[in-house]
Amino acid sequence: MSIEAKKLELMNLLLQTQEERVLSKLKKVFEEEETDWWNKISEEEREEIIIGINQADTGDLIPNAEVRKHFDKWH
């Protein structure tokens, strides 16, 4: 069964149920599956992102054209 067929089957079951208990359980499954990408990356990656945001906030930036010129020598 394809994923689209499974989705349709689940939607049909969802629309037919009148059981609050079933709906609550299903909602809980989706809430538990929701994970923010921030929580999936390493502490080191988070620190680097925070550093970059702080640099941008203080105007400590390198223009895109300058960065591209630097990397053009490898392309």
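## Salt bridges

Three salt bridges turn up when the whole structure is searched; keep in mind that this is a predicted model. As background, side chains of opposite charge can pair when their charged atoms come close.

Let's start in helix 1, which spans residues 3–16. Here the side chains of K7 and E4 meet in a salt bridge, with 3.6 Å from N to O. About one helical turn separates K7 and E4, because they sit three residues apart in helix 1. K7 is partly exposed, with a relative accessible area of 42%, and E4 is also classed as partly exposed, at 48%.

Moving on to helix 2, we find E31 bridged to K27, where the closest N and O atoms are 3.9 Å apart. These two residues are four apart in helix 2, so about one helical turn lies between E31 and K27. E31 has a relative accessibility of 46% and counts as partly exposed. K27, at 54%, is exposed, because the cut-off for that class is over 50%.

Helix 4 holds a salt bridge too: the side chains of E43 and R46 meet at 2.9 Å, N to O. E43 and R46 are three residues apart in helix 4, about one turn of the helix. With a relative accessible area of 45%, E43 is partly exposed.

## A negative patch

Staying with charged residues, which ones form a negative patch on the surface? The patch is made up of E44, E45, E47 and E48. One of these, E44, is placed in helix 4, which runs over residues 43–57. E44 has a relative accessibility of 59% and so counts as exposed.

The salt-bridged pair E43 and R46 also lies in helix 4, so it is handy to look at E44 and that pair together when you inspect this helix in the viewer.

## A nonpolar patch

The surface also carries a nonpolar patch, formed by L14, L23, L26, V29 and F30. Together these residues have about 410 Å² of accessible area. Where does the largest share of the nonpolar patch come from? Helix 2, residues 20–33, supplies it, with four residues.

L23 is one of the patch members, and L23 is found in helix 2. At 30% relative accessibility, L23 counts as partly exposed. Helix 2 is also home to the E31 and K27 salt bridge described above.

## Aromatic pairs

How many aromatic pairs does the model contain? The count comes to two. The rings of W37 and W38 have centres 5.6 Å apart and planes at 80 degrees, so this pair is edge-to-face. W37 is exposed, with a relative accessible area of 53%, whereas W38 is partly exposed at 28%.

F71 and W74 make a tilted pair, because their ring planes stand at 45 degrees, with the centres 5.6 Å apart. The class follows from the cut-offs: planes under 30 degrees apart count as stacked, over 60 as edge-to-face and the rest as tilted. F71 is partly exposed, with a relative accessible area of 43%, and W74 is exposed, at 56%.

Technical notes: Residues are numbered from 1 along each chain as its sequence is written. This is a predicted model: local features need pLDDT of at least 70, side-chain atom pairs count only at pLDDT 80 or more; totals for chains, interfaces and linings use all residues. Side-chain values use heavy atoms; hydrogens and water are left out. Patches are made of residues with over 30% relative accessible area and no salt bridge: like charges are joined within 9 Å, nonpolar side chains (Val, Leu, Ile, Met, Phe, Trp, Tyr) within 5 Å. Accessible areas come from the Shrake-Rupley method with a 1.4 Å probe; for residues, only the protein chains shown count as cover. A salt bridge is a side-chain nitrogen of Lys or Arg within 4 Å of a carboxyl oxygen of Asp or Glu. Lys and Arg count as positive and Asp and Glu as negative; His and the chain ends are not counted. The place of a charge is taken as NZ of Lys, CZ of Arg, CG of Asp or CD of Glu. Buried means under 20% relative accessible area, exposed over 50%, partly exposed in between (1.4 Å probe, protein chains only). Rings of Phe, Tyr and Trp (its six-membered ring) pair if their centres lie within 6.5 Å; planes under 30 degrees apart count as stacked, over 60 as edge-to-face and the rest as tilted.
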